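Here is a short report on packing inside one protein model. Keep the structure open while reading.

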Amino acid sequence: MPPRKKPGGKKAAAPPPEPEPPATVLGRTIEQLGDAFGPRKGAQGYEAFHDWVERSIEAVRPELAAALFPVFAHAFLKFADAGDDAGAEAFLDRWAGHHLDRHAKDVAALRRVGAAGAASDPYCARLRASKFRIALGPAARDVLADFLYASEHAFVMKLLNDKVVVEADAERAGRPATLVDDGDVVSAKPAKRAKKGAAADDADAPLALGVTTSSETAAPPNASPLPTWSYDVE
């Protein structure tokens, strides 16, 4: 007679473990943070800034245009540093033509980089370590500050504060941005809005825009009315 089987039979299979929730920082996933601070956000910021400069008043447009290339170059650098070769190439194809008249050699240098060579490319290394110098008159500085307060494009704001030195030089206003080694840049002081009838202090000294987000400081009392259009880029 065969041995009798124990009651109960086979044990039921254990349910699969619950998948671990994605890692988050302040409630946002790594993918969401990448969208918020990654290359695409830099490209969106540049596009909004470029569109605004093109629609700015004619009296200050040539001066404001000088600030476009620094933002363009560093938006490209975000793609390159992220290893996004396709994104870097698409960004150049979309916007490089707007800078050929003033920065043909710089655009050619960016095209030679490609994302794969960004880590060791000397031009990219210089972009990271150096600053651009531009000249803006008082009106152009005020208009630009109003845009930054209104739009709060963090990439554009941080880039202009960290990587651009503004000279109060009416004769040079509107000339192309110049990339200078960090050691050649005189320490900048925050720009002040011009007062009617007041003489300019240290007219030749470079200026920092000194613009921060509204979460850090309130808009200045003399700021122009904020624009009503949206800068969100799909």
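Phe72 touches Tyr46, Phe91, Leu92, Trp95, Ala96, His99, Val107 and Leu110, leaving aside residues up to four places away in sequence. The model is predicted.

Phe72 also ranks among the residues with the most contacts inside the largest nonpolar core. That core has 48 residues. Phe49, Phe91, Leu144 and Leu160 join Phe72 on the list of those with the most contacts. H4 supplies the largest share of this core, 10 residues.

His74 is found in helix H4, residues 68–81. His74 has a relative accessible area of 7%, under the 20% cut-off, so His74 counts as buried. Its contacts, not counting residues up to four places away in sequence, are Leu127, Phe132, Phe155, Leu159 and Lys163.

Next comes a helix pair. H2 and H8 pack at an angle of about 140°, and their axes are 12 Å apart. An angle of about 140° is neither over 145 degrees nor within 65 to 115, so H2 and H8 are oblique to each other. H2 passes H8 in a right-handed crossing. The residues in contact are listed by helix.

| Helix | Range | Contact residues |
|---|---|---|
| H2 | residues 39–54 | Ala48, Phe49 and Trp52 |
| H8 | residues 138–151 | Val143, Leu144 and Phe147 |

By class, this contact of H2 with H8 has 6 nonpolar residues, no polar and no charged ones. Two names recur here: Phe49 of H2 and Leu144 of H8 take part in the helix contact, and both are listed among the residues with the most contacts inside the largest nonpolar core.

Definitions and conventions. Residues are numbered from 1 along each chain as its sequence is written. This is a predicted model: local features need pLDDT of at least 70, side-chain atom pairs count only at pLDDT 80 or more; totals for chains, interfaces and linings use all residues. Side-chain values use heavy atoms; hydrogens and water are left out. Axes are lines fitted to C-alpha atoms, for helices over the stretch in contact, and angles run from 0 to 180 degrees between N-to-C directions. Helices (H or I, at least four residues) and strands (E, at least two) are DSSP runs, numbered from the N terminus. Angles under 35 degrees count as roughly parallel, over 145 as roughly antiparallel, 65 to 115 as roughly perpendicular and the rest as oblique. A crossing is left-handed if the near helix is turned anticlockwise from the far one by less than a right angle, and right-handed if clockwise. Contact means heavy atoms within 4.5 Å. Ala, Val, Leu, Ile, Met, Phe, Trp, Tyr, Cys and Pro count as nonpolar, Asp, Glu, Lys and Arg as charged, and the others, Gly among them, as polar. Buried means under 20% relative accessible area, exposed over 50%, partly exposed in between (1.4 Å probe, protein chains only). A nonpolar core is a set of buried Ala, Val, Leu, Ile, Met, Phe, Trp, Tyr and Cys residues joined through side-chain atoms within 4.5 Å.
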